[in-house]
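Got your viewer open? Let's take a quick walk through the charged pairs, one selection at a time.

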Amino acid sequence: LHKLWQYTLPDGRVVEHSSTVRLYLPHGVADLLRGVGFENVEIHGDVDASPLELDSRRCILLATRPRS
């Protein structure tokens, strides 16, 4: 996802800034975490550990880093 931001400064100058965001599905992020060694990966729909649903306001992943 690419976005071009334009800001008009108080002196009238226009400044542009672009940004890029990658979007991932929750299970894809969980797979990435497991792939780099994290364990006990959990996916939640909010900070109260409720299940992730289509209408969840958040997507929270909790994982344990293995001991070295």
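First, the criterion: a salt bridge here is a side-chain nitrogen of Lys or Arg within 4 Å of a carboxyl oxygen of Asp or Glu. What you have loaded is a predicted model, and it holds three salt bridges by that criterion.

**Stop 1.** Select Asp11 and Arg13 and show their side chains. They meet in a salt bridge, 2.7 Å from N to O. Switch on a surface if you like: Asp11 is exposed, and Arg13 is too.

**Stop 2.** Now go to helix 1, residues 26-35, and pick Asp31 and Arg34. How far apart are these two along the helix? Three residues, which is about one turn. Their side chains form a salt bridge at 3.4 Å, N to O. As for solvent, Arg34 has 44% relative accessibility; the partly exposed class runs between 20% and 50%, so that is where Arg34 falls.

**Stop 3.** Last selection: Asp46 and Arg58. The salt bridge between their side chains is 3.0 Å, N to O. Where do the two partners sit? Both are in the loop between strand 3 (39-44) and strand 4 (60-64), so the pair ties together parts that are 12 residues apart in sequence. Colour by accessibility and check each end: Asp46 comes out at 21%, and because buried means under 20%, Asp46 counts as partly exposed. Arg58 is partly exposed as well, with a relative accessible area of 45%.

To keep the tour in one view, save a selection with the pairs Asp11 and Arg13, Asp31 and Arg34, and Asp46 and Arg58.

Notes:
Residues are numbered from 1 along each chain as its sequence is written. This is a predicted model: local features need pLDDT of at least 70, side-chain atom pairs count only at pLDDT 80 or more; totals for chains, interfaces and linings use all residues. Side-chain values use heavy atoms; hydrogens and water are left out. Buried means under 20% relative accessible area, exposed over 50%, partly exposed in between (1.4 Å probe, protein chains only). Helices (H or I, at least four residues) and strands (E, at least two) are DSSP runs, numbered from the N terminus.
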